[in-house]
Amino acid sequence: MGGGARRGAGARRRARLIVRPFDPAAPEQAITGFRLDDEGHWVAELACGHRQHVRHEPPMQSRPWVLTEAGRAAHLGTTLRCMRCLLGEPPA
Ligand SMILES: [Zn+2]
């Protein structure tokens with residue numbers, strides 16, 4: 001038995017393209033709370049009434065803190081740029 005076993009095609013990376021244009025003109029809004037959506041992703045509730053997913057999907061978005069209660073608690077009151085505010089969408 002020799003070594004050199006190759007990893008199969010299963011090692012292929014998922015190349016999901018998430019286009020998330022971050023506009024610096026978007027106002028920063030404080031996080032007032034967190035909730036889980038139907039798919040088990042964490043959603044931050046913002047002071048403006050909008051919600052924003054805070055996914056942990058490295059390397060695109062590395063937010064290991066969102067997976068722990070202590071991490072989320074530590075981020076209450078921090079801000080996220082709210083594109084929905086920039087676009088003038090009414091709060092959900
Ligand atoms: Zn907003």
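Strands S1 (residues 28-36) and S2 (residues 42-46) run antiparallel and are joined by 5 bridges. This pairing belongs to a predicted model. Within the pair, Ile31 lies opposite Leu46 of S2. S1 and S2 form a hairpin, with 5 residues between the strands. Gly40 in this hairpin adopts a positive phi near 85°.

On from S2, the next pairing is with strand S3 (residues 51-53). These two strands are also antiparallel, and 3 bridges link them. One of the bridge pairs matches Val43 with His53 in S3. A hairpin is again formed, here with 4 residues between S2 and S3. Gly49 sits in the turn and has a positive phi of about 100°. Each of the two hairpins thus contains a glycine with positive phi: Gly40 in the hairpin of S1 and S2, and Gly49 in the turn from S2 to S3.

S1 has a second partner, S4. The two strands pair in the antiparallel sense over 3 bridges. Ala30 faces Thr79 of S4 across the pairing. Glu28 is likewise set opposite Arg81 in S4. S1 therefore carries residues paired in both directions: S1 is joined to S2 by 5 bridges and to S4 by 3 bridges, and in the sheet S1 stands between S2 and S4.

Together, the 4 strands make an open sheet. Their order is S3-S2-S1-S4, with antiparallel pairing. S3 and strand S4 (79-81) occupy the edges; each has a single partner strand, so one side of each is left without a neighbour in the sheet. From one strand to the next, the twist averages 50°. In a regular strand, side chains alternate between the two faces of the sheet.

The sheet is set within a chain of 2 helices and 4 strands. Along the sequence the elements follow the pattern β-β-β-α-β-α. A helix thus precedes the last strand in this pattern, and another helix follows that strand.

Two totals describe the chain as a whole. Of its 92 residues, 4% are buried. Among contacts with a separation of 6 or more, 49% are between residues 24 or more positions apart.

Technical notes:
Residues numbered from 1 in each chain as written. Predicted model: local features only at pLDDT ≥ 70, side-chain atom pairs only at ≥ 80, totals over all residues. Buried ≥ 20, exposed ≤ 12 C-beta atoms within 10 Å, placed from the backbone. Contact = placed C-beta atoms within 7 Å. Pairing = 2+ DSSP bridges. Axes fitted to C-alpha atoms, helices over the stretch in contact; angles between N-to-C directions.
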